[in-house]
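Trainee: I should like to go through the terms applied to this model and the grounds for each.

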Amino acid sequence: MNREQIKEKMVSAMDLPKDVIQNASVITILGRNELCIENYRGIIEYTDTLIRVQTRAGQIRIQGKRLRIQYYTNDEMKITGALSSLEFTEGRNPG
């Protein structure tokens, strides 16, 4: 059994949220115009039609129109605009 499997079993046994134990990203989408991301590592790309965010597990790619990062802190950000797609990719720098 590897380290990740042991962590998973501990989280399950203690009934704790995964984001707390594994520092997993939490994404909250409110309608088609607002998105919040918690536990991210950094902003890779930021335009009014594409925002790419690095997380521990990979990248989150948000596409839309008039995208804007409303605010960001060390561990949370809020994105507004006309959201059209959300894509998850594994690894660090997919093109």
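The exchange below takes up burial, core, contacts and surface patch in turn.

Mentor: This is a predicted model, in which local features need pLDDT of at least 70, side-chain atom pairs count only at pLDDT 80 or more, and totals for chains, interfaces and linings use all residues. Residues are numbered from 1 along each chain as its sequence is written, and side-chain values use heavy atoms, with hydrogens and water left out.

Trainee: Why is Thr55 called buried?

Mentor: Buried means under 20% relative accessible area, exposed over 50%, and partly exposed in between (1.4 Å probe, protein chains only). Thr55 has 5%, and is therefore buried. Thr55 sits in the loop between β4 and β5, strands being DSSP runs of E with at least two residues, numbered from the N terminus.

Trainee: Why is Tyr46 called partly exposed?

Mentor: The relative accessible area of Tyr46 is 44%, which lies between the two limits, so the term applies. Tyr46 belongs to strand β3 (residues 42-46).

Trainee: What makes a set of residues a nonpolar core?

Mentor: Its members are buried Ala, Val, Leu, Ile, Met, Phe, Trp, Tyr and Cys residues joined through side-chain atoms within 4.5 Å. The largest such core has twelve residues, including Leu35, Tyr40, Ile69 and Met77. Strands β2, β4, β5 and β6 each supply at least two of its residues, and the largest share, four residues, comes from β5.

Trainee: Which residues does Ile69 touch?

Mentor: Not counting residues up to four places away in sequence, Ile69 touches Ile43, Tyr46, Ile51, Met77, Lys78 and Ile79; contact means heavy atoms within 4.5 Å.
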